[in-house]
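This report describes a predicted protein model. Please examine the sequence and the coordinates before reading on.

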Amino acid sequence: MAGQEGGLGRSPATGAGTPTPTWAQELLGQLRPTGRDVRRVVAWLAETVNGTAALQDAGGTLVAGTPIPLDASLVADILAGRIASAATADEGGHLRLVRVEHPNPASAGAGVLAVARPEPFDRRTSDILTHTVQVLELLLRARETTEAGRRLKRATSDLRLAILQLLMVEDTVSARRVAAGLWPGLLDTDTACVYVLEGDPAERDRLVEECLGVTGDRALVVRCPAMDEHVIIVTTGDAAGQALRSLVDRNPGTLLGGSSRQSLARTATAYGQAVSALAVARVRPDKAALYAERNRPERLTDPAALREWTARLLRPLDTLPHHTRAELLVTTRLGLEFTAVSAAKVLGVSRNTVRARMERVESLLRTDFTDLTVRATVHLALSTQVSLADGQGDHGGPRRSRARLGDLLTGPALQTWARELLGRLDSDARDLRRTLRSWIAVGGNAERAAQALAVHAQTVREHVRSAEPVLERRLIAPGSDLYEVVLAHLATGELEHPALLRDDPGHPDAPVHG
């Protein structure tokens, strides 16, 4: 790049002996990482040639600089490639037009750089203009490359989310097909673990890049569509867990929760486990925890009776077309596990769609999901239904058992589990057990529970939060943890059993209490 008329050479010295930067050095400075701004370059050009400069795209839109009236025919000739540059002069001054090549002509075409100044263009100003065009083309090419990289990252991120959404709705065949194109072998397994990394939402993009760095192509890393502070990682290997723990060690303020190994069809269940494990991670020194395979209610009941009860409870959905039934079951399971808004984001549909599907299930089951005992009971049935579809348990013929919910909850194993679980709260002088029972009875509404207990609503919230680490379960948010605690209250008789249409085998057409 030439500088003054004699080339770059040595800069003339000031009186104090300090070299004065040449225009070439200043122009090169625009390429430093702190520069690289097309608008700054055009502004620098105008100032350096003591004139006005404007850069416009092929459509005539001003990209940078100050608008200058231009001859439309000259601009058209330059854009069409018939001429590379043009010069005009009149009483108002002198004008130069130069073609600026765009790195992606198919989408943006060429642009035009116009420079107007009162004096004629001498060799110096002509050199400045020529080399400024070269710098602008470099910057435009770099910007296009950066934008292309961003578009690729965004498309890849969207693709990862799409795969996760397919896994969440148990469409493992489609998920594998989509993943095979970019990440061959990623989902070539029947089981996986889900991890949830929690951190500052402002740092999530950086955390995603770190997760990708430590897991490589061995995991599906997704920005959680429902929680801005969460990153979801689905991994089929065992090494990713340790790598993610090291990431938590390097990033203070982050938490890591992991699921037990589940089939790919139970990714939604694994995700719920990982989120549940975050509650334990918060109180652990290493800020990481895996979901403990504890005794869940469905594991403590008679399996044959539970399967028969589940089939009877969900029988109203059997009259629907297979795809409609599957859609309603998946949506309801996610809607109960999370919130309608979060479920909608995970599924990639509107929250109104989620609510409409859940209302349809409510109507078919003739029940009310605002009742926490109903939600817990239906969640138990849906969890059992997933286990059956996943190949767990006996798939034999029809069962003779006609058990009701009350029968399922009175088994000795479940009774022992429920008493032990809720008994953990008895040592707290604040009577957390009473507060929790009252809070569940009014649908998890702190204000209504406060009225019943004659305390402040904030006191109710504090008591419920205080019960979480004692029970090792999340209670404020919906999900498996909360429903297990609700079922424990039903098993001990501290809450009334919900009214369910199909719970009483002797009265299939009317709601009865379990």
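The text below covers the overall make-up, the ring interactions and one strand pair.

This is a predicted model, in which local features need pLDDT of at least 70 and side-chain atom pairs count only at pLDDT 80 or more, while totals for chains, interfaces and linings use all residues. Residues are numbered from 1 along each chain as its sequence is written, and side-chain values use heavy atoms, without hydrogens and water.

The protein contains 20 helices and 13 strands, taken as DSSP runs (helices H or I, at least four residues; strands E, at least two) numbered from the N terminus. Of its 514 residues, 47% are buried, meaning under 20% relative accessible area with a 1.4 Å probe and protein chains only.

One aromatic pair is present in the structure. Tyr271 and Phe338 form this pair, which is tilted; ring centres must lie within 6.5 Å, and tilted covers planes that are neither under 30 degrees apart (stacked) nor over 60 (edge-to-face). Tyr271 belongs to helix H9 (residues 267-281), whereas Phe338 lies in the loop between helix H11 (322-337) and helix H12 (340-347), 67 residues apart. Both Tyr271 and Phe338 are buried.

Arg117 lies over the face of Phe121; the criterion is CZ of Arg within 6 Å of the ring centre and within 35 degrees of the ring normal.

| Ring interaction | Distance |
|---|---|
| Tyr271 and Phe338 | 5.0 Å centre to centre, 50° between the planes |
| Arg117 over Phe121 | 5.6 Å from the ring centre |

Strands E3 (residues 85-90) and E4 (residues 93-100) run antiparallel and are joined by six bridges; pairing requires at least two DSSP bridges. A hairpin of two residues connects E3 to E4, and Ala87 stands opposite Arg96 in E4.

Definitions and conventions: Phe/Tyr/Trp six-rings, centres within 6.5 Å; stacked < 30°, edge-to-face > 60°. Buried < 20%, exposed > 50% of the residue type's maximum accessible area, 1.4 Å probe, protein only.
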